[in-house]
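Here is a short briefing to read alongside the model. Keep the structure open as you go, and follow each topic in turn.

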Amino acid sequence: MTLGNPDRPVGGLAVPLPPGVDLRPMARADFDVALRFARTMYGLPDDDPEPYRGAFEAMVNSPDASPFLASVDGEAAAMALLWFRRRLGHARFQGWLSDLYVRSADRRRGIGDALVRACIAEWRLRQGDSIMLEVANDNGAARALYAALGFVESGTHFQLHPLRSAVPRGAAPAGVVVRPMTSDDFEPVTRLLGELGLPVPAVERMPALRRVFDDHLRQPDARPRIAE
């Protein structure tokens, strides 16, 4: 009995690549490259990198993330960050392509196309429920790329900053109590999602949905609340 590579490659690393381009999963050693790309994408200040290191290492170590790095002639040229998000009301993951960046000198070579295809392949491998991304309305090149790969428009964001509530932070309207969500809230949350028009899973799928719900509550970056 031997263990080795499968006879047929699977997942994102199986996608065809443009000549001279290599693709691999992002690793802890890629911190400096990923931060440089992120600073270019989002206009981040060129300050101390250490505050970003913890979030980066949590990403590359997470089973719910599939970050890819593309290189041209051995030099990092592009990256794509794919996440598998747990969603209430769905027993399967949702793919979330949060970031796609190609170095300006390496654009129009098919690298972005290959990276998105790699993310789609990973999403299919995990049998996700859907895959989503966001793109600026005036980014015609990116919109054309995503449309060619089968993405369709499903909504519009009119602002990119967090919504501000008229209710002061920590306060609630009279007679309303807002508290952290617990495992005991599974049934009322499922009922509320049904009232929003989401399909109610069949009885035999409820245990799987319950596991997703409880796992979501355990996520360190999840802060679900419920109002009574």
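The notes below cover the fold, the salt bridges, two backbone angles and two pockets.

This is a predicted model. The chain holds six helices and seven strands, and along the sequence they follow the pattern β-α-α-β-β-β-α-β-α-β-α-α-β. Of its 228 residues, 35% count as buried.

**Overall fold and surface**

- Contacts between residues at least 6 apart in sequence are often long-range here: 63% of them join residues at least 24 apart.
- The chain exposes about 15200 Å², and carbon and sulfur atoms supply 54% of that area.
- One example of sequence distance set against spatial distance is the pair aspartate 215 and arginine 86, which are 129 residues apart in sequence but 8.2 Å apart in space, C-alpha to C-alpha.
- Aspartate 215 sits in helix α6, residues 206-218, and is buried because its relative accessible area is 19%, under the 20% cut-off.

**Salt bridges**

- Side chains of opposite charge can pair when their charged atoms come close.
- How many salt bridges does the count come to? The total is 14, and three of them are worth a look here.
- Within helix α2 (residues 50-61), glutamate 50 and arginine 53 are three residues apart, so about one helical turn separates them. Their side chains meet in a salt bridge at 2.9 Å, N to O.
- Both partners of that bridge are partly exposed: glutamate 50 has a relative accessibility of 41%, and arginine 53 has 27%.
- Aspartate 64 and arginine 126 also meet through their side chains, in a salt bridge of 3.6 Å, N to O. This pair links distant parts of the chain, 62 residues apart: aspartate 64 lies in the loop between α2 and β2 (65-72), and arginine 126 in the loop between α3 (111-125) and β5 (130-133).
- Are the two partners buried or exposed? Aspartate 64 is buried, with a relative accessible area of 10%, whereas arginine 126 is partly exposed at 31%.
- Arginine 109 forms a salt bridge with aspartate 106, with the closest N and O atoms 3.4 Å apart. Shared partners join Glu75, Arg103, Asp106 and Arg109 into one network of salt bridges.
- Aspartate 106 counts as buried at 5% relative accessibility, while arginine 109 is partly exposed at 35%.

**Positive phi angles**

- Arginine 108 is not a glycine, yet its phi is positive, at about 65 degrees. The residue is found in the loop between β4 (94-102) and α3.
- Arginine 108 is exposed because its relative accessible area is 85%, over the 50% cut-off.
- Glutamine 127 is another residue other than glycine with a positive phi, near 55 degrees. Its place is in the loop between α3 and β5.
- Glutamine 127 is exposed too, with a relative accessible area of 57%.

**The largest pocket**

- Rolling a probe the size of a water molecule over the atoms shows where empty space is left.
- About 1900 Å³ of space lies in the largest pocket.
- Which residues lie nearest the centre of the largest pocket? They are Glu134, Val135, Ala136, Ala142 and Tyr146, out of a lining of 46 residues.
- The elements giving two or more residues to this lining are α1 (31-42), β4, α3, β5 and α4 (140-148).
- By residue class, the lining of the largest pocket divides into 25 nonpolar, ten polar and eleven charged residues.

**The second largest pocket**

- The second largest pocket has about 450 Å³ of space.
- Its lining is made of 15 residues, and those nearest the centre are Asp64, Trp83, Arg86, Gln219 and Asp221.
- Asp64 ties this pocket to the salt bridges, since this residue lies among those nearest the pocket's centre and is the partner of arginine 126.
- Arg86, also among the residues nearest the centre, is the residue found 8.2 Å from aspartate 215, C-alpha to C-alpha.
- α2 and β3 (75-85) each supply at least two residues of the lining of the second largest pocket.
- This lining divides into eight nonpolar, three polar and four charged residues.

Conventions
Residues are numbered from 1 along each chain as its sequence is written. This is a predicted model: local features need pLDDT of at least 70, side-chain atom pairs count only at pLDDT 80 or more; totals for chains, interfaces and linings use all residues. Side-chain values use heavy atoms; hydrogens and water are left out. A salt bridge is a side-chain nitrogen of Lys or Arg within 4 Å of a carboxyl oxygen of Asp or Glu. Helices (H or I, at least four residues) and strands (E, at least two) are DSSP runs, numbered from the N terminus. Buried means under 20% relative accessible area, exposed over 50%, partly exposed in between (1.4 Å probe, protein chains only). Contact means heavy atoms within 4.5 Å. Accessible areas come from the Shrake-Rupley method with a 1.4 Å probe; for residues, only the protein chains shown count as cover. On a 1 Å grid over the protein atoms alone, a cavity is a set of points where a 1.4 Å probe fits but cannot get out, and a pocket is an open set with protein on both sides within 12 Å along at least five of seven lines; lining residues have an atom within 4 Å of a point. Grid points are joined across faces, edges and corners, and a volume is the space filled by probe spheres set on the points. Ala, Val, Leu, Ile, Met, Phe, Trp, Tyr, Cys and Pro count as nonpolar, Asp, Glu, Lys and Arg as charged, and the others, Gly among them, as polar.
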